[in-house]
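Got your viewer open and your selection tool ready? Let's take a short walk through this structure, one selection at a time.

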Amino acid sequence: HHLPVVAIVTDNPENLAKAPRFYVSSVKKSLASSSAVLALSEGLLKALALENKPHLVFPGIVEQASKGKPLFLKNSYFYFGGALLARYGILSLLEAYLATQPNYDLIIAGHETSSDEFKHLLRQSPRIRYLGQVTKEENAILEANAALVINPRPYDEKLDQESVPSKLLEYLASGSPILSSRHSALQKEFPTDINWLSDPSLQGLTSWFKGHLDDKKNLKDVLPNHGAEKVLSLYGQTIIGKTIDDFLNSLNASKS
């Protein structure tokens, strides 16, 4: 119908676990035939050879955090919600927690992993609670009432350029203190709103906990998260919606 075709690109298919070759090839072929692109990063455009197409880049869309009755006592727990694969740091987080024994529960939600080591670590402390998958609303409430929300995913230079951890945008909107491995773009945008972890290994996480727990194992010297208002002003639904609308209208104008 001679209409512009806009590709929405949130990841490089080559980075997906166990993605079949034909799938990766099909995605790239579809992207090549698009008229324009909405993408999460400049690195993603470059990796997929899309930088010469008309494009709009933004790291995500942030919603106002859901309000509701806390599922656990406010500020009584650390929270991680996400993929429970070893390569994303969940085992290191569990081991660091067990090694330092903070005076907080560790609440975990997400896709269950078949790892025997993960299941073994869960059984080592009654204060570790695995919820399985939770709803979007429950996840937001868990984030908003945590003493600390954690992103232990190890730094990877390729992923750093091509991906944006949507978890961090959610964490920022929650207002809860954040501990996270570094992400170059977000670290520049929010240098003092996140406790940036230079070493997200088991040793690095353990060292951070030891340095930020007092004699009673309560948190100390943790940077507060003042980024909620800023992240919503930059990437909230209204502002991003207007930006996308303007971009789509510009495509239509160029075809008229």
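Which residue in β5 is the bridge partner of Phe78? Keep that in mind while you find your way around; this is a predicted model, by the way.

**Stop one: β4.** Select residues 77-81, which form strand β4. Colour them by burial and you'll see that 5 of the 5 residues are buried. Now look at the two sides of β4: Tyr77, Tyr79 and Gly81 sit on one, Phe78 and Phe80 on the other, and both faces are covered. In a regular strand, side chains alternate between the two faces of the sheet.

**Stop two: β5.** Add residues 105-109, which are strand β5. β4 and β5 pair in the parallel sense, with 5 bridges between them. Zoom in on Phe78 and you can settle the opening question: its bridge partner in β5 is Leu106.

**Stop three: α3.** Next, select residues 90-100 to bring up helix α3. Together, β4, α3 and β5 make a right-handed β-α-β unit.

**Stop four: β7.** Go back to β4 and show residues 148-151, strand β7. These two strands run parallel and are joined by 2 bridges. Click on Tyr79, and opposite it in β7 you'll find Val149.

**Last stop: two helices.** Select residues 136-144 for α5 and residues 166-174 for α7. Their axes come within 8 Å and cross at roughly 60°, which means α5 is oblique to α7. The crossing is right-handed. To see where they meet, show Asn139, Glu143 and Ala144 in α5 along with Glu170, Tyr171 and Ser174 in α7.

Definitions and conventions: Residues numbered from 1 in each chain as written. Predicted model: local features only at pLDDT ≥ 70, side-chain atom pairs only at ≥ 80, totals over all residues. Heavy atoms only, no water. Buried < 20%, exposed > 50% of the residue type's maximum accessible area, 1.4 Å probe, protein only. Helix = DSSP H or I, 4+ residues; strand = E, 2+ residues; numbered from the N terminus. Pairing = 2+ DSSP bridges. Right-handed = clockwise from strand over helix to strand, strands pointing away. Axes fitted to C-alpha atoms, helices over the stretch in contact; angles between N-to-C directions. Parallel < 35°, antiparallel > 145°, perpendicular 65-115°, else oblique. Left-handed = near helix turned anticlockwise from the far one by under 90°. Contact = heavy atoms within 4.5 Å.
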